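Colleague: Hey, could you walk me through this one? I'm new to reading structures, so keep it simple.

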Amino acid sequence: MLLDCWTIWARLAPWLLLGMLISGLMGALLPSDWIRRRFHGYSGVFRAVLLGVPLPLCSCGVIPAGVGLRQQGASKGAALGFLISTPQTGVDSVLVSVSFFGWPFAIVKMLAAAITGLVGGCLLDLVEPESCSSLKAVDEVNSLPRDHIDHPSGKKRWLERFGESSIEILRSIWVWLVVGVLVSALINEYLPDVWVQNLESLGWFPSIVVVLLLSIPLYVCATASVPIAAALVSSGLSPAAALVFLMAGPATNVSTIGVIYGRFGLKSVVVYLSTILVGSVGVAWLFDGFLLSDISQGIVVTDHALSNWELASGIFLLFLVGKFVVTDLQRYFTKNRLVDGDVEKMILDITGMTCGGCVHRVETALQQVEGVAGVSVDLKAGTAAILGDPNLSEVVDCVKRLGFLATRQHSREVK
């Protein structure tokens, strides 16, 4: 069991680290203002999907990013196309898929994400058209004068953006990555092959439907789902069914469905689920009928000896995840102290945060302000709870230098 875990971990490590490197380059080279603008009409759907396919955001990170696109003035279709395509793939997921399944399978997976995103976004704009004049204006963060933001210049700024973007992808998925490796090892060790063979005995379409229905409510990221799918294929599941799992699993979960319903409406939910249901089955049919003979030969090679590069990458990835474990445990205990303890705390409303990276930046910066003893930032609520007795103006200025707005909500004593 432990040997299986380590083998799977070391095999995906080089590709995941390469994905982190590419993610860092994307974050350093792409202006943040460009990422959140110019998403209107069918061309806006295309841009959103073009951005979303390589973007390394998992199921949890794509929700605030997609909602952020909508809040910044993107059409519903563009935002929905982004929400459909982005979690299915990404540079990290594609490269890990190459490690387990080979390049042809990974390319099919990437094209499937792009096609379903385009179809879903354009279909929503067709069903619920939205003129440019009715789009929301850019929110107050983008309307602020940009000279208040503390941007380092030149090489230092580039390196900081590169570091933040490359590290954030692993910070946001490490829990699901560990879960995916453990589940994959458990499947290899304990799942009887006959169980998967019985699923296949139901017939092509029923087995695809069963996998699809099991995948829709799951909360799993694209990268972590790859070793699980590889283990299922090793146990006898068809590669086409595995492709359905890799599409529907990351693209859908209960949380995303609820957010789309609350922010976009019922029509958007219907288009979202219909596109993924029909699209995944259609891609699986094309894959099984026309591409399987060319792709299946290289699928799931799990018995080769690990190379020195894989061993070194696995150790380095383990070191990074260990650091995140310690950091997240510290945040967990700090949050419990702020929520449950008899302490006086300052509550700030923070506008402009869109992902876990924003949360980390705000928490790290605020912890450096004199008088701050602890910080807990809630992305969903858009708030920061601060333990200690800092100067309010210094706290607000610190948040503004990061590019966000901060206003004091209230100060209260929790009993």
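Modeller: Sure, and let's get one term out of the way: a crossing is right-handed if the near helix is turned clockwise from the far one by less than a right angle, and left-handed if anticlockwise. Also keep in mind that this is a predicted model.

Colleague: Okay. How many helices and strands are there in the chain?

Modeller: The chain has 18 helices and 4 strands. It runs to 415 residues, and buried residues make up 50% of them.

Colleague: And what share of the contacts with a separation of 6 or more is between residues 24 or more positions apart?

Modeller: Those account for 83% of them.

Colleague: Let's zoom in, then. How do people describe two packed helices?

Modeller: By the angle between their axes and the distance between the axes.

Colleague: Try that on helix 5 and helix 7. At what angle do they pack?

Modeller: About 155°, and their axes are 7 Å apart. Helix 5 covers residues 76-85, while helix 7 covers residues 103-127.

Colleague: Are those two roughly parallel or roughly antiparallel?

Modeller: Roughly antiparallel, because an angle over 145 degrees counts as that. As for handedness, helix 5 and helix 7 make a right-handed crossing.

Colleague: Which residues make the contact?

Modeller: From helix 5, Lys76, Gly77, Ala78, Leu80, Gly81, Ile84 and Ser85; from helix 7, Ala113, Thr116, Gly117, Gly120, Gly121, Leu124 and Asp125. Sorted by type, the residues of this contact are 5 nonpolar, 7 polar and 2 charged.

Colleague: Is helix 5 mostly enclosed or mostly open?

Modeller: Helix 5 is largely enclosed by the rest of the structure, because 10 of its 10 residues are buried. Among the buried ones are Ala79, Phe82 and Leu83. Lys76 is on that buried list too.

Colleague: Back to helix 7. How does it pack with helix 13?

Modeller: The angle there is about 45° and the axes are 11 Å apart, with helix 13 spanning residues 239-251. That makes helix 7 oblique to helix 13. The crossing of this pair is right-handed.

Colleague: Which residues of helix 7 and helix 13 make that contact?

Modeller: Helix 7 brings Phe105, Val108, Lys109, Ala112 and Thr116, and helix 13 brings Pro239, Leu243, Leu246 and Met247. By type, this contact has 7 nonpolar residues, 1 polar and 1 charged. Thr116 is one to remember: it contacts helix 13, and Thr116 is also in the contact with helix 5.

Colleague: What about Leu111, buried or partly exposed?

Modeller: Leu111, in helix 7, is partly exposed, with a relative accessible area of 47%. Its C-alpha atom is 9.5 Å from that of Thr89, and the two residues are 22 residues apart along the chain.

Colleague: Got another pair like that? Where is Glu164?

Modeller: Glu164 is in helix 9, residues 154-190. The C-alpha atoms of Glu164 and Cys358 are 9.8 Å from each other, though 194 residues separate them along the chain. Glu164 counts as partly exposed, at 40% relative accessibility.

Colleague: Speaking of cysteines, how many disulfides are there?

Modeller: A search of the whole structure finds 0. A disulfide is a covalent bond between the sulfur atoms of two cysteines.

Colleague: And Cys5 and Cys122, how accessible are they?

Modeller: Cys5 counts as buried, at 12% relative accessibility. Cys122 has a relative accessible area of 24%, so Cys122 is partly exposed.

Key:
Residues numbered from 1 in each chain as written. Predicted model: local features only at pLDDT ≥ 70, side-chain atom pairs only at ≥ 80, totals over all residues. Heavy atoms only, no water. Axes fitted to C-alpha atoms, helices over the stretch in contact; angles between N-to-C directions. Parallel < 35°, antiparallel > 145°, perpendicular 65-115°, else oblique. Contact = heavy atoms within 4.5 Å. Nonpolar A, V, L, I, M, F, W, Y, C, P; charged D, E, K, R; others polar. Disulfide = S-S within 2.5 Å. Buried < 20%, exposed > 50% of the residue type's maximum accessible area, 1.4 Å probe, protein only.
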